[in-house]
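Thank you all for coming; I would like to take a few minutes to go through one structure with you. Please have the sequence and the coordinates open while I talk.

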Amino acid sequence: MPVSPLNKPLLAAIAVAIAFAGAAAPCRPNPNNQPWETKVIYVKFEGCAAAEPKEPFDLTVGGEPVRFSKTPDGFWRGETANRHPIGSRKVNVDLVDMRARTACNVAAEPHDAGSCVALYRVACEELWLLSVSPVPEDAPASISYQRNPEPPRFAQCGAALPTPQGPGELAMRRSESIMVKVENLPSGPINVPLSLELFRGGRTRLTLRDVAPQAVAKNSAVSTNKAMKALKKGQLQLVLEDLHFTKN
Amino acid sequence: MRRLLFLFASLVFCAAGSAQEIDIFDDNDFIDPRERGGVFSDQPWSMKEPGHPFYLVRLYGGAVSDYQWRTSATDADLAFLHAAGSFYRGDKQLNVKFTTFHADDQARLPSYRATLQLGQYLALDPVIATRESEGKRIVNRLLVTWAIEDNPYRSDPGVPRSDRPGEGTAEVRRDRFNHEFGIESDVQLGNVDGAFIWMRRRIEAGSYVDRISYLYRFRERLRSNDRLRLNASFGFGTERTDSWHCCLARAVFTATFVIPLIDTGFNLAWAPTYSPVGEERQTHNEFAFYLDRTVIARLRDIARR
């Protein structure tokens, strides 16, 4: 549909306004040629919209605890007790309830929010929860895990994601795959590869019927075939009626 | 020296394939006994632990276009039903297979084939030793095959006993069945996984056709959340009637989409075959669409016996 010449500037202005909503606006240069100082801290999470905190939260900024609340334009705002030069303090975001992995040692940049404030852009990645549960619950299955993480896009804060021993819940990065091992079988461990992709199409639960257990690699003239796959499922079912994998 | 002997034994015992090797719809059913909990002894032909017995029955059914019958392209379209039962115990394997074909009368194809196979697994040191293969034993399999199918030419007029004029035409009755037997060996040479196959088919009393072939299976590739499975194999062979006729080359490409809810695979296969026809060579394209399903898979827990 052709755009009227009269509407083009209006459309451009709207596009610019949309682009800057939630975007950083650099501060005008300080006439003293010194870094701007501020008490106001802004935090912007980038890459994990669905996993952002829902309630006000506390962060330590330069050793000082600061409470942050959501602003109408998508930032989280807090204030330190005293003014400090923008860029002199770094933050680590490692909120327990936040289902995301976040960047570490994030430095601030000047942001014009009416006055010049310190903006921390925190890169983050959503996590999903994988729940592994045997059927019946007390089945004598020895279950362990081997994570296959992809290299992180940013330097992450916090310890490595915990991995339970046995049935339980695992926090998984979106790009990460995992091998669930059932190990107390006479034939040796059987691996069940899982990733977020298997839960595509709105699926939240997988069972043994839906997965393809793998033989642990051995030296054979033939590595795998349909008969082998049927054997692996049969071996799992010697110990388990079923194995449920639930995405939360 | 022992490795050379085993290689020689493998090559001698390998050649003869299961009847109708590289059939477009016949799956490989090799299961390493160690995957069933078996433990080989130091000798390649014996086991310390037999592992769990396992048996399964698989069904296949579908249609094939331009069916390749042994070394001949038939230009025939047919429907088929194939049942394969495999029983694994210790280092042995027993296969019983039955296939029915339905094609039009002009196709001159057998209407059924029955196959019996006995397999022996053995653990050998790598034939080609590398640093990575040091200390690793490779499990191979010898598979002896006997197959029988009805002779599509059994109703044809008999062959005259004598070609001298005036001596009449006392006919040699055509056999009702065709028989085949042979041996296959699945081997691993370095990084190459393959099967050497020798098959002998009886034409009439005292007359045989020999086929020797080599089959290489590529590793399975998984796509689309492991629901799409891609397989490929390549084989080439030669046949001796009055003399050796070389060579036939054949590839089979199969895409299998599995629907877990009904535990059924939908298969689409393509098998281009390059074969000698008289003094020339031609390429035939065989296509198949079929379903496959494991109807019985039972693993016996030896602790519960």
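**Two backbone outliers, three disulfides and an interface**

Let me begin with a single residue, Asn105(A), which sits in the loop that runs between strand 6 and strand 7 of chain A. Before going further I should say that this is a predicted model, and everything that follows should be heard with that in mind. The phi angle of Asn105(A) is near 50 degrees, which is a positive value in a residue other than glycine. I mention it since most residues other than glycine have a negative phi, and most peptide bonds are trans. As for its surroundings, Asn105(A) has a relative accessibility of 47%, so this residue counts as partly exposed.

The other half of that general remark also has its exception in chain A, for the peptide bond that leads from Val135(A) to Pro136(A) is cis, with omega near -5 degrees. Pro136(A) belongs to the loop between strand 8 and strand 9 of chain A. Chain B has a case of positive phi as well: Asp263(B), again a residue other than glycine, has phi near 50 degrees, and it lies in the loop between strand 17 (244-259) and strand 18 (264-277) of chain B. With a relative accessibility of 35%, Asp263(B) counts as partly exposed.

Now to chain A as a whole. The chain contains two helices and 15 strands, and of its 248 residues 47% are buried. If we take the contacts in chain A with a separation of 6 or more, 67% of them are between residues that are 24 or more positions apart.

That brings me to the disulfides. How many does a search of the whole structure find? Over all chains, the search finds three, and those of chain A follow the pattern 1-4, 2-5, 3-6 when the bonded cysteines are counted along the chain.

Take first the pair Cys27(A) and Cys116(A), whose sulfur atoms are 1.9 Å apart. The torsion about their S-S bond is about 95 degrees, and therefore this disulfide is right-handed. The pair joins distant parts of the chain, with Cys27(A) in the loop between helix 1 (8-20) and strand 1 (37-46) of chain A and Cys116(A) in strand 8 (residues 116-135), 89 residues apart. Cys27(A) has a relative accessible area of 16% and is buried, and Cys116(A), at 12%, is buried as well.

The next pair is Cys48(A) and Cys124(A), again with sulfur atoms 1.9 Å apart, but here the angle about the S-S bond is -90 degrees and the link is left-handed. Cys48(A) lies in the loop between strand 1 and strand 2 (57-61) of chain A, while Cys124(A) is in strand 8 of chain A, 76 residues apart. Cys48(A) is buried at 0% relative accessibility, and Cys124(A) is buried at 1%.

The remaining pair is Cys104(A) and Cys157(A), where the sulfur atoms are 2.2 Å apart and the link, with 80 degrees about the S-S bond, is right-handed. Cys104(A) is in the loop between strand 6 (100-102) and strand 7 (106-112) and Cys157(A) in the loop between strand 9 (143-148) and strand 10 (168-173), so the pair ties together parts of chain A that are 53 residues apart in sequence. How accessible are these two? Cys104(A), with a relative accessible area of 24%, is partly exposed because the cut-off for buried is under 20%, whereas Cys157(A), at 6%, counts as buried.

Finally, the interface. Chain B contributes 44 residues to the contact and chain A contributes 30 residues, and the area buried between them is about 3,000 Å², with 53% of it from carbon and sulfur atoms. Across this interface there are four salt bridges, one of which joins the side chains of Asp292(B) and Lys226(A) at 3.1 Å, N to O. There are also eight residue pairs in polar contact between the two chains, with both residues at pLDDT 80 or more.

On the side of chain B that touches chain A, strand 19 of chain B gives the largest share, four residues. By class, that side has 13 nonpolar, 10 polar and 21 charged residues.

Technical notes
Residues numbered from 1 in each chain as written. Chains lettered and ligands numbered in written order. Predicted model: local features only at pLDDT ≥ 70, side-chain atom pairs only at ≥ 80, totals over all residues. Heavy atoms only, no water. Contact = heavy atoms within 4.5 Å. Buried area = accessible area lost by both parts, 1.4 Å probe. Polar contact = N/O pair within 3.5 Å; in protein donor to acceptor, adjacent residues only side chain to side chain. Nonpolar A, V, L, I, M, F, W, Y, C, P; charged D, E, K, R; others polar. Disulfide = S-S within 2.5 Å. Buried < 20%, exposed > 50% of the residue type's maximum accessible area, 1.4 Å probe, protein only.
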